[in-house]
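User: I am in my first year and would like to learn how the words used for a protein model are justified. Could you take me through them step by step?

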Amino acid sequence: MKAAAAAELMFIPSPGKGHLVSTVEMAKQLIGRDHRLSITVLIMKFPFDKSKVSSSTQSPLPLLTAAEDRLKFVHLPQEEAASAELRPKNPIDVMLEFVNMNKQHVRDHVTKIISTDSSRLAGFVVDMFCTQMMDVAAEFGLPTYVFYTSSCAFLGFMLHLDTLCRDQDITELKDSDAELEVPAFVNPIPAKVLPSVVLDKEGGSTFFVGVARRLRETKGIMVNTFEELESYAVKRLAGDDKVPPIYPVGPVLHMDEKEGDEEVIQIMRWLDNQPPSSVVFLCFGSMGTFDGDQVREIAQALEQSGHRFLWSVRQPPPKGKIEMPSEYQDLNQVLPEGFLKRTTEIGKVIGWAPQVAVLSHKAVGGFVSHCGWNSTLESLWCGVPVATWPMYAEQQMNAFELVRELGLAVEIKLDYRRDMLYDNIKAKLVTADEIENGIRKLMENGDKSSTKGIKQKVKEMSEKSKIVIKEGRSSYNSIGRFIEDVIINMPSP
């Protein structure tokens, strides 16, 4: 008979697949490591998100392990009445209001657990955008930890933002050539790669400063990275006595995808017929889309390069609407006339992509990526070099870190910006020649290749990423330290 879990953690991720998937994987690792832990993941959902969810007794994703009796999912009520209050406006206000609306639901659930559950609540583990939930934790005398789904370098930037904003109005740096000194980065950061939200005059930078202040109040921050990847940033934060304990626990990846899906089978079958390392894979994340002019420039670049390609093309949501991208009913409506026919021997254009399965395939030799942090960790794990094309969130800073700080990627762009939350930002067209040049650099081989050093570094980092999670290695030990700290900090009964 199993012993009852002695300590229960309440995980509160931000809505959105990128945050939820890695949060669930982190939860699985924790309960797999220590039988004393149980975890409940509280899932919030935007009122304008109409996708189906499973019942509260099931996982929202096929991610459970043998220890699933100690991992529960609770879908917090999705109030239709909230839609009017969350009408499209400043995206930061939307997020703040949304999390505040869910505070009472979290309060109700914690009250229920305290009155009925045999396990003891050990604390909250919140996403960086859910720090307001610290107020609820404090009401119950519970400590709060953070699971940080971005890089350690970006965490360092966030924590330094307060200092930067005291010295200047950072929003004035938008489109300037200014550079900023940030302790977690070796090199000065160009203002052009700062996230759109930080440059937002309507309160974005103020919001980020507020989040950073709350992060400093937590008991500890798990970061989805590993020491060997971001050694400089990890060292700088670990040595700062004003920063809570940092636990580099990555790479935390979800490697399983819907293998039986007919579209996935067709994609993998096509890859099976391609030579090793010959295919460039283009994919821009769950919210990455381009308008027609940019799609045609990409198509022209692919045709001119002559390289084999697998390209994920998604249809943007209607202008002015915050929605997920959709699939094109007819790709000919956006691609240049005759493109599909002319490239039928060397290329395949798809909608949604099984990204991990594709990156794991031996035929893939390069990845043109938006540089989301999950995608970055996946590409490194699979040993596939990246050409950077960031779009939204902190992706420009991820691209800068990969190219300038770590020497692990080829640059197409570092400062490209297309953000569905800021539809007033007009993305600058990246020309076919620029794209083709990046693809050629990414895919060139041989001893004289200008990217030989990058590819070797990526291969070495791939090997390290698989070693750090093994017993006795850095991320494994970091997870162990986090668990012990949770037990030590657990409130007395």
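**Two helices that cross**

Analyst: Let us begin with a pair of helices: the axes of helix 9 (residues 292–305) and helix 14 (residues 432–443) come within 8 Å and cross at roughly 45 degrees. Please keep in mind throughout that this is a predicted model.

User: Why are helix 9 and helix 14 called oblique to each other?

Analyst: Angles under 35 degrees count as roughly parallel, over 145 as roughly antiparallel, and 65 to 115 as roughly perpendicular, while the rest count as oblique. The axes of helix 9 and helix 14 cross at roughly 45 degrees, and the two helices are therefore oblique to each other. As for the hand of the crossing, helix 9 passes helix 14 in a right-handed one.

User: Which residues make the contact between helix 9 and helix 14?

Analyst: On the side of helix 9, the residues include Gln-294, Glu-297, Ile-298 and Ala-301, and on the side of helix 14 they include Ala-432, Ile-435, Ile-439 and Arg-440. Contact here stands for heavy atoms within 4.5 Å.

**The sheet**

User: In what order do the seven strands of the open sheet stand, and is the pairing parallel or antiparallel?

Analyst: The order is 3-2-1-4-5-8-9, and the pairing is parallel. Strand 3 (71–75) and strand 9 (246–248) are at the edges, where each has a single partner strand, so one side of each is left without a neighbour in the sheet. From one strand to the next, the twist averages 25 degrees.

User: What packs on this sheet, touching strand 1 and strand 2?

Analyst: That is helix 1 (residues 17–33), which touches strand 1 (7–12), strand 2 (37–43), strand 3, strand 5 and strand 8, and whose direction makes about 165 degrees with that of strand 2.

User: How do you know that strand 4 pairs with strand 5?

Analyst: Two strands pair if at least two bridges are found between them, and strand 4 and strand 5 have three bridges, in the parallel sense. One pair to look at is Val-126, which stands opposite Val-146 in strand 5. By the same reasoning, strand 1 and strand 4 pair in the parallel sense over six bridges, and in strand 4 the bridge partner of Glu-8 is Leu-121. Further along, four bridges join strand 5 (residues 144–148) to strand 8 (residues 220–223), with Tyr-148 opposite Val-223 in strand 8.

User: What makes strand 4 mostly covered?

Analyst: Strand 4 (residues 120–126) has seven residues, and six of them are buried, a word that stands for under 20% relative accessible area.

**Buried and exposed residues**

User: Why is Asp-162 called buried?

Analyst: Its relative accessible area is 16%, and buried means under 20%, so Asp-162 belongs in that class. Asp-162 has its place in helix 5, and, when residues up to four places away in sequence are not counted, it touches Val-209 and Arg-213.

User: Is Asp-175 buried or exposed, and what is notable about its phi?

Analyst: Asp-175 has a relative accessible area of 63%, and since exposed means over 50%, Asp-175 is exposed. Its phi is near 65 degrees, a positive value in a residue other than glycine. Most residues other than glycine have a negative phi. Asp-175 lies in the loop between helix 5 (152–167) and strand 6 (179–180).

User: And is Cys-371 buried or exposed?

Analyst: Cys-371 is buried, with a relative accessible area of 0%, although its phi too is positive, at about 70 degrees. Cys-371 is found in the loop between strand 13 (364–369) and helix 12 (373–382). Another cysteine, Cys-283, counts as buried at 6% relative accessibility.

User: How many disulfides are there?

Analyst: A disulfide needs a pair of cysteine sulfur atoms within 2.5 Å, and by this rule the count comes to zero.

**An unusual peptide bond**

User: What kind of peptide bond joins Gly-250 and Pro-251?

Analyst: The bond between Gly-250 and Pro-251 is cis, with omega at about 0 degrees. Most peptide bonds are trans. Pro-251 lies in the loop between strand 9 and helix 8 (262–272).

Definitions and conventions
Residues numbered from 1 in each chain as written. Predicted model: local features only at pLDDT ≥ 70, side-chain atom pairs only at ≥ 80, totals over all residues. Heavy atoms only, no water. Axes fitted to C-alpha atoms, helices over the stretch in contact; angles between N-to-C directions. Buried < 20%, exposed > 50% of the residue type's maximum accessible area, 1.4 Å probe, protein only. Left-handed = near helix turned anticlockwise from the far one by under 90°.
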